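User: Please take a close look at the ligand site in this model. I would like to know what surrounds the ligand and how the rest of the chain is laid out.

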Amino acid sequence: MTEPVSIPSIHVHYRARKLLNMAVTTWFVVTIIGQWTFGGYIIAFYGKSTASGDLAKWNEVLPHGYVKGDWAGNLVVGVHVLLAAVLVLGGPLQLLPFVRRSAPLFHRWLGRLYVVTAIIVATGGLVMVWTRGAVGDRVQHVSISIQTIYIVLFAWLAWRCARTGRFDQHRKWGLRLFMVVSGVWFFRIGLMCWLVLNGGPAGFDPRTFSGPFLTALAVLVYALPVSLGMLELYFYVQKTRKHGAITAVALLILIVTALMAVGIFGAIAGMWLPRIG
Ligand code: HEM
């Protein structure tokens with residue numbers, strides 16, 4: 001026999017669900033703003049310099065961006081940074097429910113483009129780290145390389161589940177893919193949030209771009225992504241009837257969203273705007 005559900009209990013449950021929806025919507029709005037400003041920066045900085053043939057300008061940001069005479073390496077870097085815009089501009093569009101409902105064909109084509117682009121950008125990034133060198137230390141390089149594996153695997157799984165009509169699984173793998181593709185963005189806003197809260201560099205050496213804070217950030221964003229853990233918590237509370245768990249996850253999402261907003265503000269003011277200004 002099942003326990004009768006009391007009216008106050010339904011009320012508490014309804015309030016917890018409402019809080020969760022509000023938290024997720026706030027997270028999503030903040031994420032769209034942050035990813036689209038990152039996309040705007042990519043177009044304004046890399047798009048403009050590439051279109052005008054001024055590839056040496058990449059080196060104002062990337063120490064190993066443009067290397068004279070190395071056309072193959074330069075091509076990999078160019079493709080990586082320019083296609084990155086497709087991911088950060090297109091990713092949030094894939095998650096908007098009204099786009100999926102009102103323009104399913106657009107969702108399907110953007111999905112195919114997103115999956116292929118994610119694989120190209122991630123494998124290009126892998127080539128860049130291990131052939132050209134990148135800022136940071138070995139732990140950071142290994143961590144971001146592990147993220148390439150997640151991206152390629154989740155892209156394949158999201159695509160495969162859509163092809164075979166397993167839409168509940170497709171939604172889950174699509175969201176997991178979005179989280180790992182957003183890793184580089186989480187890393188940037190995580191770093192900027194830390195800098196804003198500490199009033200400058202702390203826990204790492206800005207000259208070598210290494211130290212305990214950056215090690216922890218790289219591991220928790222790339223190799224063992226906290227974002228995936230948060231997503232699994234969200235999947236869990238979508239199904240559970242435990243009001244306490246729903247409320248706790250909603251509050252956690254709101255706290256993380258507030259930190260993300262600080263990081264996005266820091267990235268726009270301290271990283272992206274000065275480079276295109
Ligand atoms: C899939 C999502 C990714 C996006 C959207 C992305 C985006 C970008 C962007 C915009 C830059 C230029 C840096 C800037 O102006 O701030 C960049 C640089 C770079 N990316 Fe990615 N990236 C992604 C994945 C990866 C992966 C998985 C790797 C490595 C395995 C990687 C390796 C690099 C490297 C080495 C640089 C040059 C930075 C340096 O010299 O340290 N990226 N990426």
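Analyst: What follows covers the ligand site, then the recorded transmembrane regions and two buried residues. The model is predicted.

The ligand sits in the second largest pocket. The shell around the ligand holds 26 residues, and the closest of them are Y41, Y46, H80, V135 and T148.

Three of these closest residues have short polar pairs with the ligand. A polar atom in the side chain of Y41 is 2.5 Å from a ligand oxygen. For Y46, an N or O atom of the side chain lies 2.5 Å from an oxygen atom of the ligand. H80 pairs with a nitrogen atom of the ligand instead, its side-chain N or O atom being 2.8 Å away.

By class, the shell consists of 21 nonpolar, three polar and two charged residues. Tyrosine is counted as nonpolar in this scheme, so the class count does not rule out polar pairs such as that of Y41.

Several helices build the shell. At least two residues each come from α1 (7–51), α2 (71–95), α4 (104–132), α5 (138–163) and α7 (183–198). The most is given by α4, which supplies six residues.

The unreviewed UniProt entry lists "transmembrane region" for residues 20–46, 75–99, 111–130, 142–162, 174–197, 217–237 and 249–273. Two of these spans can be compared with the model. Residues 142–162 are 100% helix and 0% strand, with 31 Å between the end C-alpha atoms. Residues 217–237 are 90% helix and 0% strand, and here the end C-alpha atoms are 26 Å apart.

Two residues further along the chain are worth a look. F235 is part of helix α9 (residues 226–239). With a relative accessible area of 5%, F235 is buried, because that value is under the 20% cut-off. The C-alpha atoms of F235 and I43 are 34 Å apart, and 192 residues separate the two along the chain.

T257 belongs to helix α10 (residues 243–276). Its relative accessibility is 3%, so T257 also counts as buried. The side chain of T257 makes a polar contact with the backbone oxygen of I253, at 2.6 Å.

To return to the site itself: the ligand is in the second largest pocket, with 21 nonpolar residues in its shell and polar pairs to Y41, Y46 and H80.

How values were computed: Residues numbered from 1 in each chain as written. Predicted model: local features only at pLDDT ≥ 70, side-chain atom pairs only at ≥ 80, totals over all residues. Heavy atoms only, no water. Near = heavy atom within 4 Å. Polar contact = N/O pair within 3.5 Å; in protein donor to acceptor, adjacent residues only side chain to side chain. 1 Å grid on protein atoms, 1.4 Å probe; cavity = no way out; pocket = protein on both sides within 12 Å on 5 of 7 lines; lining within 4 Å. Sits in = over half its atoms within 2 Å of the grid points. Helix = DSSP H or I, 4+ residues; strand = E, 2+ residues; numbered from the N terminus. UniProt positions renumbered as here; feature names shortened; annotations may be inferred. Buried < 20%, exposed > 50% of the residue type's maximum accessible area, 1.4 Å probe, protein only.
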